[in-house]
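Please open the model in your viewer and keep the selection panel at hand. The tour below moves from one selection to the next and says what is to be found at each stop.

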Amino acid sequence: MATVLVVEDDDYVRSAIIQELSRRQHAVRSAGRALDALREITQNPPDAVILDLGLPDLDGSEALKMVRSISSVPVIVATARDNEAEIVRLLEAGADDYLVKPFSGDHLNARLDAVLRRARGATPPSVLHISGLTVDLNRREAAVNGVPLTLTRREFDLLAYLAARADRVVSRKELLTEVWQQSYGDDQTIDVHLSWLRRKLGESASAPRYLHTVRGVGVMLITPP
């Protein structure tokens, strides 16, 4: 259970999010204005914030900057804006993740659980289970619906890194640094390995199930519905 601050001015949307989070046993507080949210974060620090961008008193992107000036609390931006440049700007400004409206309760909770795990520094399990996909980090084995995957060392490293960060966008720079152990490199290398990995997962870039490319941002291994 976590304490979550929902910052949303639309009464209907705010109520729906509160109801969904409460159903998952989270303690939920809410604010309809940016300044009220900042006051709440200062006086009663939450474990995570879900921040709408279209607030009446202050644009959410400006509110995000102000939150980051006073707190390192995980922030998930909830927005109807799906512009790539805007998403990149929000992530660079300090958002931990984002959700494009409308989104399901399961999607919201998956993203929230992910940012909370990262914030708490939880030790990841040695075996990851993601909707039919199993990744055994110790044995370096992976399977889909019980069928083993034949992966190269680099393909497994890439899959394991993304699976351990499921439902989070991972930048290409991060992949080069953490998977390839390079400070710089050619994005084509990542694209080629993603293509091979997709083929072995039984999907394609045009019809992805697990591996989704977020143009201009990076790659995300999602939890399929």
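Begin by selecting β1 together with strand β2 (residues 27-31), which pair in the parallel sense over 5 bridges; two strands count as paired if DSSP finds at least two bridges between them, and the strands (E, at least two residues) and helices (H or I, at least four) are DSSP runs numbered from the N terminus. Within this pair, V6 stands opposite S30 in β2. Now add helix α1 (residues 11-23), through which the chain crosses from β1 to β2 in a right-handed β-α-β crossover; right-handed here means that, with the strands pointing away from the viewer, the path from the first strand over the helix to the second runs clockwise.

Before going further, please note that this is a predicted model, in which local features need pLDDT of at least 70 and side-chain atom pairs count only at pLDDT 80 or more, whereas totals for chains, interfaces and linings use all residues. Residues are numbered from 1 along each chain as its sequence is written, and side-chain values use heavy atoms, with hydrogens and water left out.

Stay with β1 and colour by accessibility: 4 of its 5 residues are buried, so β1 is largely enclosed by the rest of the structure. Buried means under 20% relative accessible area, exposed means over 50%, and partly exposed lies in between, with a 1.4 Å probe and protein chains only.

Next select β3, which runs parallel to strand β1 (residues 3-7) and is joined to it by 4 bridges; here V6 stands opposite I50. On to strand β4 (residues 75-79), which pairs with β3 in the parallel sense, again over 4 bridges, and in which I76 stands opposite I50. With α3 added to the selection, β3, α3 and β4 make a right-handed β-α-β unit.

How many of the 5 residues of β3 are buried? The count is 5 of the 5, so β3 is largely enclosed by the rest of the structure. In a regular strand the side chains alternate between the two faces of the sheet. Both faces of β3 are covered, since A48, I50 and D52 on one side are buried, as are V49 and L51 on the other.

Pause at D52, which lies in strand β3 and counts as buried at 6% relative accessibility. UniProt lists D52 in an unreviewed entry for "modified residue: 4-aspartylphosphate"; UniProt positions are given in the numbering used here, feature names are shortened, and annotations may be inferred rather than shown by experiment. The UniProt annotation "domain: Response regulatory", also from an unreviewed entry, covers residues 3-116. Over residues 3-116 the chain is 48% helix and 21% strand, and the end C-alpha atoms are 10 Å apart.

For the next stop, select V7, A34, A37, L38, I41, V49, L51, A63 and V67, which line the largest cavity. The elements that give two or more residues to this lining are α2 (34-43), β3 (48-52) and α3 (60-70), and α2 gives the most, with 4 residues. A cavity is a set of points on a 1 Å grid over the protein atoms alone where a 1.4 Å probe fits but cannot get out, and lining residues have an atom within 4 Å of a point.

Now move to P102, in the loop between β5 (97-100) and α5 (105-120), where a cis peptide bond joins K101 and P102 with omega of about -5°. Most residues other than glycine have a negative phi, and most peptide bonds are trans.

Two residues with positive phi come next. R140, in the loop between β7 (133-136) and β8 (141-144), has phi near 55° and counts as partly exposed at 41% relative accessibility. D167, in the loop between α6 (153-163) and β10, has a positive phi of about 70°, and D167 is buried, with a relative accessible area of 5%.

Finish with the open sheet of 3 strands in the order β10-β12-β11, whose pairing is antiparallel. β10 (170-171) and β11 (211-214) stand at the edges, each with a single partner strand, so one side of each is left without a neighbour in the sheet. Between β10 and strand β12 (residues 218-221) there are 2 bridges, and the bridge partner of S171 in β12 is G218.

Terms used. On a 1 Å grid over the protein atoms alone, a cavity is a set of points where a 1.4 Å probe fits but cannot get out, and a pocket is an open set with protein on both sides within 12 Å along at least five of seven lines; lining residues have an atom within 4 Å of a point.
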